[in-house]
Amino acid sequence: MHGRNCRRTDTANRKRRKKACFLRYIGKEYVPLFGTVDWIMKNILFAASECVPFIKTGGLADVVGALPKSLDRSEYDVRVIIPNYTCIPWEYRSQFRYVSHFYMDYGRHVENVHVGIMEYVYEGVHFYFIDNEYYFKCDRPYSDSTQWDIERFIFFSKAVLAAMPVIGFHPDIIHCHDWQTGMIPVFLKSTFATHSFYWGTKSIMTIHNLKFQGVWDIRHFVYNTNLPDYMFTPDKLEFKSDANMLKGGLVYADYITTVSETYAEEIKTPYYGEQLDGLLCARSRSLRGILNGIDMDANDPATDKHIPFNYSIDNFEEGKAKCKEALQDKFGLHKDGSPVFAMVSRMVGMKGFDLVQSIADGLVDRGIELVVLGSGESQYENFFSDLCARHPGRVGTYIGFEPALSQEIYAGADAFIMPSKSEPCGLAQMVACRYGTPPIVRETGGLRDSIHDSTMGEGNGFTFAGYNAHELYVACCNAQNAYYDKENWKNLVHHCMECDFSWDVSAKSYEGLYNETANLW
Ligand code: GLC
């Protein structure tokens, strides 16, 4: 591996004078020492496989795109690194600037693999892109082959670490997201442990969805990582006789976070733990749950260009009514005073589509109109297409993903259904609230932390606990009954729109964690 050693070249920019209080351990107690010291700006590197606006398949991309902008940039120099996929839209790629390239050992027998580094500053944040056409020439970020993706992302993880000395950005903390970057904490404490450039660098592993872990046979891993056999044991990378990238990250990272407090508790149990609950229990002292935020500007009914009528918390009654009419027109629904309940989601079992499938006819029979947008498993796509055909004027289905239409649904619907089996955080329920559309959710993960039942008092939606169709049906009926009580419904919509789901709150928690992590020995 080549590259300049530019350790702390940026120190001059990082020092700022600040009053600080230090605690020094003297004898048996901590003694506060006051004084003026150099406050060192912290360098944070986000490593991920997707990031808005460049490439997105799910909520992960939203988080990696939004969080860096929300951190206090006078105290944290946050940069982001992702692969330079050729499927990133040309409008962005054409503006990427070449920084450098070098050759890196990769795999047991392959040497000197090309690693290019591109850079682009977008909305004040530095983005880097690891370039290698062999691995990242693709028409979508993930392939159909787990084995191939594992090879691509092990390469990415190693290249990220090899690239930093070349760029001259010395991260105090590398914040890794999901299994694709799980090998970064592993390499940091093994292959790169002897590089003085990384002495003191800490890592945080964030789980966005524990379901995906990057598992393949140990031989393949040994070949690609060149790590010694003794690291493939059950207390390290081994997982049921195979090797597991996410597990590696969870074992070696200094801190682990996930995207809601409830999910942080849930994943310590066998039901949600995806066979890593034992490890997560063992590391529970280093595990935190921090609820995601949403981009409040991009999701603002007062300025959203995709919705037919703009409205705000002060005048939502008229605006939302007009948006609802436009939505009903678009899907050919009757305008007879019925409430419209909507879903915008990937059509997969995890999102609770099996529950909705069982009660959909019942809801229509009760006088609820349904609008469903999404794509995914064919059984659900077929069911909702068929439902629409069976109930003309009562059900609207759109198979596919259409961002503009999703916004119209958030704005035009009366309530939003999200009965997930498991939901680490979930962003759609927060967007729905922002548009004054009370969510009907199952009490799991981030849904439990963001939506509170309003049946008995002040809340911002309707919730149910058990994963069964009956409880979802009751919650929908509660929402429908509440809808007919116009004055109370108005208060509920108002309350939804009042909720602060901005990144500011989460950013403060991440800053606290970064400070704690940087202070670890
Ligand atoms: C994953 C989770 C989702 C979460 C998102 C962002 O997609 O399934 O619940 O909101 O990551 O963290």
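Colleague: How far apart are the mean positions of the positive and negative charges of the chain?

Modeller: This is a predicted model, where local features need pLDDT of at least 70, side-chain atom pairs count only at pLDDT 80 or more, and totals for chains, interfaces and linings use all residues. Residues are numbered from 1 along each chain as its sequence is written, and side-chain values use heavy atoms, without hydrogens and water. Lys and Arg count as positive, Asp and Glu as negative, with His and the chain ends not counted; each charge is placed at NZ of Lys, CZ of Arg, CG of Asp or CD of Glu. For the 52 positive and 65 negative charges, the mean positions lie apart by 8 Å.

Colleague: Why does the radius of gyration agree with a compact globule?

Modeller: The radius is taken over C-alpha atoms, and the globule rule is 2.2 Å times the number of residues to the power 0.38. With 521 residues, a compact globule would have a value near 24 Å, which agrees because the chain has 25 Å.

Colleague: What share of the residues counts as buried?

Modeller: Buried means under 20% relative accessible area (1.4 Å probe, protein chains only). Of the 521 residues, the buried share is 57%.

Colleague: Which helix gives the most to the largest nonpolar core?

Modeller: A nonpolar core joins buried Ala, Val, Leu, Ile, Met, Phe, Trp, Tyr and Cys residues through side-chain atoms within 4.5 Å. The largest has 98 residues, and F54, I130, F155 and Y514 touch the most other members. Helices are DSSP runs (H or I, at least four residues), numbered from the N terminus. With 13 residues, the top contributor is helix α5 (residues 146–167).

Methods. Buried < 20%, exposed > 50% of the residue type's maximum accessible area, 1.4 Å probe, protein only. Helix = DSSP H or I, 4+ residues; strand = E, 2+ residues; numbered from the N terminus.
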